[in-house]
Amino acid sequence: EPVEDSASEMVPDEQGVIKSGEVRLPNVSIYDFISEQIDQEDFSSGDLILEYSPDDLKGCFAVDGVGGTMLGPMPDDLESIDVQELGGFTDGCLPIELDWVYALIKREKPGDYVVFRVTAFDVDGVTLEYIVGVFP
């Protein structure tokens, strides 16, 4: 069944999570957490833009028009983070840090927010573990 059809029928679990997973993103790409589409040419839709310098591994997640925040290194389960209680959401660039957790407000439904952790970062890309959730 196509992702678009099943996405509209996603039912949140008791913690509000409608989707979880892991993804490896190449440099200069945009990712849509629901459709799982990675695009390196059309940046007009998606949730998260990744861009960094392979020379020194400095870069950021662009959250323009979405709003994101860095939560720092957190051992907690991603599901235990209450996004509605968080502050400090910003437009712009969030520096990429290995093992750090981030939250962002989604631009489009389904899903209201994404919480993700950077689990790997090297010259070839960034690996994220993530959840997509809905507010109660």
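Helices (H or I, at least four residues) and strands (E, at least two) are DSSP runs, numbered from the N terminus. On that basis, the protein chain reads α-β-β-β-β-β-β-β-β-β-β along its sequence, with one helix and 10 strands in total. The model is a predicted one, in which local features need pLDDT of at least 70 and side-chain atom pairs count only at pLDDT 80 or more, while totals for chains, interfaces and linings use all residues. Residues are numbered from 1 along each chain as its sequence is written, and side-chain values use heavy atoms, with hydrogens and water left out.

**Overall form**

The radius of gyration of the protein chain is 14 Å, close to the 14 Å that the globule rule gives for 136 residues, so the chain is as compact as a globular protein of that length. Here the radius is taken over C-alpha atoms, and the globule rule is 2.2 Å times the number of residues to the power 0.38. Along the principal axes, the C-alpha atoms fill a box of roughly 40 × 30 × 25 Å.

Of the 136 residues, 41% count as buried; the term means under 20% relative accessible area, with exposed over 50% and partly exposed in between (1.4 Å probe, protein chains only). The accessible surface of the protein chain comes to about 7,100 Å², and carbon and sulfur atoms hold 46% of that surface. These areas come from the Shrake-Rupley method with a 1.4 Å probe; for residues, only the protein chains shown count as cover.

Contact means heavy atoms within 4.5 Å. Among the contacts in the protein chain with a separation of 6 or more, 53% are between residues 24 or more positions apart.

The protein chain carries 7 positive and 30 negative charges, whose mean positions are 2 Å apart. In this count Lys and Arg are positive and Asp and Glu negative, with His and the chain ends not counted. Each charge is placed at NZ of Lys, CZ of Arg, CG of Asp or CD of Glu.

**The disulfide**

The structure holds one disulfide, a term for a pair of cysteine sulfur atoms within 2.5 Å. Cys-60 and Cys-93 form this bond, with their sulfur atoms 2.2 Å apart. The pair links distant parts of the chain, 33 residues apart: Cys-60 belongs to strand 5 (residues 58-62) and Cys-93 to strand 7 (residues 93-95). Cys-60 is buried, at a relative accessible area of 16%, whereas Cys-93 is partly exposed, at 44%.

**Backbone features**

Most residues other than glycine have a negative phi, and most peptide bonds are trans. Two residues with a positive phi are listed below.

| Residue | Phi | Place | Relative accessible area |
|---|---|---|---|
| Leu-57 | near 50° | loop between strand 4 (48-53) and strand 5 | 29%, partly exposed |
| Asp-99 | about 70° | loop between strand 7 and strand 8 | 44%, partly exposed |

Neither Leu-57 nor Asp-99 is a glycine. A cis peptide bond joins Lys-109 and Pro-110, with omega about 0°. Pro-110 is found in the loop between strand 8 (100-105) and strand 9 (113-122).

**Gln-37**

Gln-37 is placed in strand 3 (residues 37-39) and is exposed, with a relative accessible area of 52%. Apart from its neighbours within four places in sequence, Gln-37 is in contact with Ile-30, Tyr-31 and Asp-32. The C-alpha atom of Gln-37 is separated by 27 Å from that of Pro-73, 36 residues apart along the chain.
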